[in-house]
Structures are given as structure tokens and as C-alpha cells.
Amino acid sequence: MTEKLIILHFLSGGIILNTEKIESLEQLSGDQRELAEIVGIEAYRKLVENYGGMCIYIYKPETILRERRNTEIFNEFDGTNYRELAKEYGLSEAGIRKIVNKK
């Protein structure tokens with residue numbers, strides 16, 4: 001198995017850290033510990049390996065669900081059924097038009 005490494009760069013060179021050494025929540029503090037508690041230590045290691053040092057944005061549930069809803073509306077649109085889709089999804093006809101014209 002290939003071990004992934006994180007390289008922390010300093011002015012005089014780099015230090016190599018093996019993420020397998022992150023073994024327990026007790027090694028972490030603050031937000032990092034809270035994140036590891038939520039996703040689990042193995043998933044936390046993967047996040048560190050892939051996104052360490054980066055800022056990542058996690059969507060709110062409604063954003064994810066809205067994108068899925070809009071895709072469903074687009075797929076169900078037949079060119080004439082604005083009113084039916086508006087009723088089905090609890091939106092205005094203008095809202096339906098915006099969605100089908102964006103895609």
C-alpha cells in the first residue's frame with residue numbers, strides 16, 4: 001500500500017509527516033478534533049492528505065437539494081408544462097422559466 005505523505009515546507013527545507021501517525025482524537029484539538037469526531041479518524045486522515053492547507057467549502061443541504069431539484073425540473077420540462085411543474089415543485093412559473101433557461 002502506498003502511504004500518502006504531507007510535506008510541510010519551511011524556509012530551510014521540508015518536514016515529511018506520515019498521516020498514519022494521526023491515530024486518535026486525543027492528538028487533535030479545536031475544530032480539527034470536532035471534524036474528526038464527525039467524519040471519523042480515517043476520513044479525517046484522507047481529508048488531511050488531499051486538502052491539507054487548503055480552504056474547502058461545504059454546501060448547505062438546501063443548496064445540494066436545490067441543484068438536484070432544478071435538474072429534475074429541467075429533465076421533466078417538455079417545452080410547454082411550466083404551470084404543471086410550478087405546481088408540482090411549489091414554484092412560480094417565472095421560477096420554472098429561469099431554471100429551464102439556465103441549463
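How many helices and how many strands are there in the protein? With the whole chain shown as a cartoon, you should be able to pick out five helices and two strands, bearing in mind throughout that this is a predicted model. If you then trace the chain along its sequence, the elements follow the pattern β-β-α-α-α-α-α.

**The whole chain**

Before selecting any part, switch on the surface of the protein, which exposes about 8400 Å², with carbon and sulfur atoms supplying 54% of that area. Of the 103 residues, 19% count as buried. Among the contacts in the protein with a separation of 6 or more, 21% are accounted for by residues 24 or more positions apart.

**Helices α1 and α2**

Next, select residues 30–39, which form helix α1, together with residues 41–51, which form helix α2. Two packed helices are described by the angle between their axes and the distance between the axes. Here the angle is about 125° and the axes lie 7 Å apart, and α1 and α2 are therefore oblique to each other. The crossing in which α1 passes α2 is right-handed. To see what makes the contact, show the side chains of Gln32, Leu35, Ala36 and Val39 on α1, and those of Ile41, Ala43, Tyr44 and Leu47 on α2.

**Helix α5**

Now move to residues 93–102, the stretch that forms helix α5. Which residues of α5 are buried? Colour Gly95, Ile96, Ile99 and Val100, for these are the buried residues of the helix. Seen down the axis of α5, these buried residues fall within an arc of 125°, so they line one face of the helix. An α-helix has 3.6 residues a turn, so residues three or four places apart point the same way.

To find what covers the buried residues of α5, add residues 61–76 and 82–89 to the view, since the cover includes α3 and α4, which occupy those stretches. Then turn to the other side of α5, where Ala94, Lys98, Asn101 and Lys102 are exposed.

**Lys98**

Finally, centre the view on Lys98, which has its place in helix α5. Is Lys98 buried or exposed? With a relative accessible area of 62%, Lys98 counts as exposed, because the cut-off for that word is over 50%. As a last selection, add Asn70, which is 28 residues apart from Lys98 along the chain, and draw a line between the two C-alpha atoms, which are separated by 9.8 Å.

Terms used: Residues numbered from 1 in each chain as written. Predicted model: local features only at pLDDT ≥ 70, side-chain atom pairs only at ≥ 80, totals over all residues. Heavy atoms only, no water. Helix = DSSP H or I, 4+ residues; strand = E, 2+ residues; numbered from the N terminus. Buried < 20%, exposed > 50% of the residue type's maximum accessible area, 1.4 Å probe, protein only. Contact = heavy atoms within 4.5 Å. Areas by Shrake-Rupley, 256 points an atom, 1.4 Å probe, with all protein chains shown as cover. Arc of directions from axis to C-beta. Axes fitted to C-alpha atoms, helices over the stretch in contact; angles between N-to-C directions. Parallel < 35°, antiparallel > 145°, perpendicular 65-115°, else oblique. Left-handed = near helix turned anticlockwise from the far one by under 90°.
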